[in-house]
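Trainee: I should like to take a close look at one part of this structure. Could you please guide me through a single helix and the side chains that tie it to its surroundings?

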Amino acid sequence: MEANKSLSEIISDITISLGIPVNIIGSTYISEAVKLAMERPSILSSITKELYPTIARKFNTKTANVERAI
């Protein structure tokens, strides 16, 4: 990976290489989840109580929608 790529670009490249299409909302949520986990690794110990609700608030949707899309 190139050193001058942004974190978002690196995450996008990884999701594409895993076969996750960028045009589905779940890929956006996954990218946000990775960013949050890199900023606060402890968030991974409470995925349904903290990670999903944080993503839902950012994208103005319901926690269940985030969970389903991911």
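Mentor: We begin with a term: a residue is called buried under 20% relative accessible area, exposed over 50%, and partly exposed in between. By that rule R40, at 34% relative accessibility, counts as partly exposed. Please keep in mind that the model is predicted.

R40 leads us to helix 3, since its side chain forms a salt bridge with that of E50, at 2.7 Å from N to O. This pair links distant parts of the chain: R40 lies in the loop between helix 2 and helix 3, E50 lies in helix 3, and 10 residues separate them. E50 is also partly exposed, because its relative accessible area of 28% falls between the two cut-offs.

Helix 3 itself covers residues 47-58, which makes 12 residues. From its first C-alpha to its last it reaches 15 Å, close to the 16 Å expected at 1.5 Å a residue. Its buried residues are L51, Y52, P53, T54, I55 and A56, and they pack against helix 2 (25-39) and helix 4 (63-69).

A further salt bridge joins the side chains of K58 and E32, at 3.0 Å from N to O. Here too distant parts of the chain are linked, with E32 in helix 2 and K58 in helix 3, 26 residues apart. E32 is buried, with a relative accessible area of 10%, whereas K58 is exposed, at 52%.

After helix 3 comes N60, whose phi is positive, near 55°. Finally, a search of the whole structure finds three salt bridges, including the R40 and E50 pair and the E32 and K58 pair.

Key. Residues numbered from 1 in each chain as written. Predicted model: local features only at pLDDT ≥ 70, side-chain atom pairs only at ≥ 80, totals over all residues. Heavy atoms only, no water. Helix = DSSP H or I, 4+ residues; strand = E, 2+ residues; numbered from the N terminus. Expected span 1.5 Å × (residues − 1). Buried < 20%, exposed > 50% of the residue type's maximum accessible area, 1.4 Å probe, protein only. Contact = heavy atoms within 4.5 Å. Salt bridge = Lys/Arg side-chain N within 4 Å of Asp/Glu carboxyl O.
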